[in-house]
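Below are some notes on the model, set out as numbered points. Please read them with the structure open.

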Amino acid sequence: MFTYKTKADLVADSIRELVRSGEIRPGDVLRQRDLAERFEVSATPVREALSRLEAEGLLVVHAHRGASVVKPAAENKAEIYGIRAALEGYAAELACARITDEELARVVELNEHMKGLKPDDPEVVRSNREFHEQLFLSSHCDHLISLIRQTWNVLPSRGPQVVWRPHTESVHQHQQMVDALTARDPERLGALTRNHILGAIDHMNRALGQGRS
């Protein structure tokens, strides 16, 4: 099944990636006319994309002054990851019943790709992010997806990190999640997803206790 994306979807995706990559930084001002020229679209999809990203907490839209990128909040990471675990665990459960064949193939592809990467390969970060993103997108629940994006945007990394957990453990846990998804087992996949996300906090606390920053 083909997942159709509107021009507003594509513009929003592009802006998210520019923020994640650091090309667009917190405080930077984005003007509709410049964005329309950059992405070769009219003003309407740009306005829709900016409104959506504001709802996700990534931008603040100012009347007559464009939009600016919000600085990540310095909130307790353990609390944020707890929220992530609850939301993404539920999204994973929904995905078991709603995921398309195309989306499932993409999850499997991302998992296999990450398996073949070396732990210090920068590509691991992108593949990990896309893996988790594809899982919650496959829930096809727009309000839940928006809440998850809001939670990601609070974090300085604008999403999940892989720096704390051993690569072999990430790969193993992702494979368990893929197996549960393929088996359409929502209870197991929800539990695996929640444990995977909460486990990152344990690894972070241990690493910081040993002097890592």
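1. The hairpin. Strand S2 (residues 59-62) and strand S3 (residues 66-69) run antiparallel and are joined by four bridges. This is a predicted model, and the points below should be read as statements about that prediction. Within the pairing, Val61 stands opposite Ala67 in S3. Three residues lie between the two strands of the hairpin, where His64 takes a positive phi near 70 degrees.

2. The sheet. S2 and S3 belong to an open sheet of three strands, in the order S1-S3-S2 and with antiparallel pairing. Strand S1 (29-30) and S2 each have a single partner strand and stand at the edges, so one side of each is left without a neighbour in the sheet. S1 is joined to S3 by two bridges, and these strands run antiparallel. Here Leu30 stands opposite Ala67 in S3; Ala67 also has Val61 opposite it, as noted in the first point. As a reminder, strands of a sheet pair through backbone hydrogen bonds, either parallel or antiparallel.

3. Positive phi in loops. Which residue in the loop between helix H6 (123-137) and helix H7 (142-154) deserves a look? The residue is His140, which has a positive phi of about 55 degrees although it is not a glycine. His140 counts as partly exposed because its relative accessibility is 37%. Arg184 is another non-glycine residue with a positive phi, again about 55 degrees. Arg184 sits in the loop between helix H8 (167-182) and helix H9 (186-209). With a relative accessible area of 35%, Arg184 is partly exposed. I would list both residues in any description of the backbone: His140 and Arg184.

4. Helix H7. The 13 residues of H7 should span 18 Å at 1.5 Å a residue, and the end C-alpha atoms are 19 Å apart, which agrees. Its buried residues are Leu144, Ile145, Ser146, Ile148, Arg149, Thr151, Trp152 and Asn153. Note that this list includes Arg149. Which helices cover the buried residues of H7? The cover includes helix H1 (7-21), helix H3 (43-55), helix H4 (77-98) and H6.

5. The aromatic pair. How many aromatic pairs does the structure hold? There is one. It is made by Phe136 and Trp152, whose ring centres are 5.2 Å apart and whose planes stand at 90 degrees, so the pair is edge-to-face. The pair links distant parts of the chain, with Phe136 in helix H6 and Trp152 in helix H7, 16 residues apart. Phe136 counts as buried because its relative accessibility is 1%. Trp152 is likewise buried, at 1% relative accessibility.

6. A charge over a ring. Arg84 lies over the face of Tyr81, at 5.1 Å from the ring centre. This arrangement should be described separately from the aromatic pair of the previous point.

7. Cysteines. The structure holds zero disulfides. Why is Cys96 not bonded to Cys141? The sulfur of Cys141 is the closest cysteine sulfur to that of Cys96, but it is 15 Å away, too far for a bond. Cys141 is in no disulfide either, the nearest cysteine sulfur being that of Cys96. As to accessibility, Cys96 counts as buried at 4%, whereas Cys141 is partly exposed with a relative accessible area of 23%.

8. Asn111. This residue lies in helix H5 (residues 101-115). Is Asn111 buried or exposed? With a relative accessible area of 2%, Asn111 is buried. Leaving aside its neighbours within four places in sequence, Asn111 is in contact with Phe131, Val171, His174, Gln175 and Val178. Of these contacts, Phe131 falls in the span given for H6 (123-137), while Val171, His174, Gln175 and Val178 fall in that of H8 (167-182).

9. Ala200. Helix H9 contains Ala200, which counts as buried because its relative accessibility is 11%. Ala200 and Lys71 are 129 residues apart in sequence and 23 Å apart in space, C-alpha to C-alpha.

Conventions. Residues numbered from 1 in each chain as written. Predicted model: local features only at pLDDT ≥ 70, side-chain atom pairs only at ≥ 80, totals over all residues. Heavy atoms only, no water. Buried < 20%, exposed > 50% of the residue type's maximum accessible area, 1.4 Å probe, protein only. Pairing = 2+ DSSP bridges. Phe/Tyr/Trp six-rings, centres within 6.5 Å; stacked < 30°, edge-to-face > 60°. Lys NZ or Arg CZ within 6 Å of the ring centre and 35° of its normal. Expected span 1.5 Å × (residues − 1). Contact = heavy atoms within 4.5 Å. Disulfide = S-S within 2.5 Å.
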